[in-house]
Amino acid sequence: AALRGSSPALVETSARLAKAGGERSVIVNIPAATVQLIENGKALGSWRAIVGKIEHESRQFVSKIVSIQLAPTWTPPSSILRREIAPKAARNPSYLESQNMRAMRAGQPLDARAIRWRGANLPLVVQRPGRHNALGPMRFDIAMSRNYYIHGTSNPALVDRSLGKRFLSHGCVRLGDPAQLAARLLGQGEATQWTPERLRAM
């Protein structure tokens, strides 16, 4: 869930969400740029986050987290591809390679130097997993959206910034260490095999 509101309101909201969809809720407090895990009305964890810029606000909705992907690829949405990646690729033929990206069409890799990056018919661009991947080490997939995630970041130090400097994303929510939230969501009880350390290693 991504919701606006103050901390007291979040506890009340999480109680309503629990009745509607289960005992455990992930609350994104957009103005406070934090993520909270609430279970049975109690906060199990709270983490600083990066949320959307003023011009790319994080969306408000209620949905389910349906899966967690480790070492994800990133396929930039068409708006980011057109406005940010294509101009850089047009100026620098090595740009995609430097970002661990490759251009694809019909499932086949393309030579980035042969692409007309200023045209309307841009190829699909995919960033491989790794420490430079924009989604970081993992992403949390949300049922209602193919382009909106909670995910990690290639620059965890940004999460340590003061509140006013953490409105940086295109709408997604970034965590400095998503393994902590993932372990809490996957684990049940003290004997769980899902620990942050194991998830980071995987």
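The exercises below work through selected contacts, strands and helices of a predicted model.

**Exercise 1. Aromatic rings**

Find which residues form an aromatic pair, and state the geometry of the pair and where its members lie.

*Solution.* A pair of aromatic rings is described by the distance of the centres and the angle of the planes. A search of the whole structure returns one aromatic pair. Its members are F61 and Y148, whose ring centres lie 5.0 Å apart and whose planes make an angle of 85 degrees. Since planes over 60 degrees apart count as edge-to-face, the pair formed by F61 and Y148 is edge-to-face. The next step is to place the two residues along the chain: F61 belongs to the loop between β4 (42–52) and β5 (65–70), while Y148 belongs to the loop between β9 (138–142) and β10 (149–151), so that the pair links distant parts of the chain, 87 residues apart. Finally, F61 and Y148 are both buried.

A further ring contact involves a charge: the charged end of R198 sits over the ring of W194, at 4.8 Å from the ring centre.

**Exercise 2. The surroundings of β9**

Determine which way the residues of β9 point and whether they are buried or exposed, and then identify the strands to which bridges join β9.

*Solution.* In a regular strand the side chains alternate between the two faces of the sheet. In β9, M138, F140 and I142 point one way, whereas R139 and D141 point the other way, and all of them are buried. This fits the summary for the strand, which is mostly covered, with five of its five residues buried.

For the partners, start with β5, which runs antiparallel to β9 and is joined to it by five bridges; I65 has I142 of β9 as its bridge partner. Continue with β10, which is likewise antiparallel to β9 and is joined to it by three bridges, with D141 standing opposite Y149 of β10. The strands β9 and β10 form a hairpin that has six residues between them.

**Exercise 3. An open sheet**

Give the strand order of the open sheet of three strands, and explain why one side of β7 and of β8 is left without a neighbour in the sheet.

*Solution.* The order is β7-β6-β8, and the pairing is antiparallel. Because β7 (108–109) and β8 (124–127) stand at the edges and each has a single partner strand, one side of each lacks a neighbour in the sheet. The pairing of β6 (residues 101–105) with β8 consists of four bridges between strands that run antiparallel, and within it A103 has V125 of β8 as its bridge partner.

**Exercise 4. Salt bridges**

State how many salt bridges a search of the whole structure finds, and work out which residues are linked in a network of salt bridges.

*Solution.* The search finds five salt bridges. One of them joins the side chains of E39 and R24, with an N to O distance of 3.2 Å. Since E39 lies in strand β3 (residues 34–39) and R24 in strand β2 (residues 24–29), this pair ties together parts that are 15 residues apart in sequence. R24 counts as partly exposed because its relative accessibility is 25%.

For the network, begin with R200 and D177, whose closest N and O atoms are 2.5 Å apart. This pair links distant parts of the chain, with R200 in helix α5 (residues 196–201) and D177 in the loop between β12 (173–175) and α4 (178–186), 23 residues apart. R200 also forms a salt bridge with E197, where the closest N and O atoms are 4.0 Å apart. E197 and R200 are three residues apart in helix α5, so about one helical turn separates them. Putting these steps together, D177, E197 and R200 are linked in a network of salt bridges. As for accessibility, R200 counts as partly exposed at 45%, D177 counts as partly exposed at 24%, and E197 counts as exposed at 53%.

**Exercise 5. Helix α2**

Compare the span that helix α2 should have with the distance between its end C-alpha atoms, and locate the kink in α2.

*Solution.* At 1.5 Å a residue, the 14 residues of α2 (residues 78–91) should span 20 Å, and the end C-alpha atoms are 19 Å apart, which agrees. The kink, of about 40 degrees, lies at I85, shortly before the proline P87. I85 is also among the buried residues of α2, together with I80, L81, A86 and A89.

Conventions: Residues numbered from 1 in each chain as written. Predicted model: local features only at pLDDT ≥ 70, side-chain atom pairs only at ≥ 80, totals over all residues. Heavy atoms only, no water. Phe/Tyr/Trp six-rings, centres within 6.5 Å; stacked < 30°, edge-to-face > 60°. Buried < 20%, exposed > 50% of the residue type's maximum accessible area, 1.4 Å probe, protein only. Lys NZ or Arg CZ within 6 Å of the ring centre and 35° of its normal. Pairing = 2+ DSSP bridges. Expected span 1.5 Å × (residues − 1). Bend = angle between axes of the 7 residues up to and from the residue.
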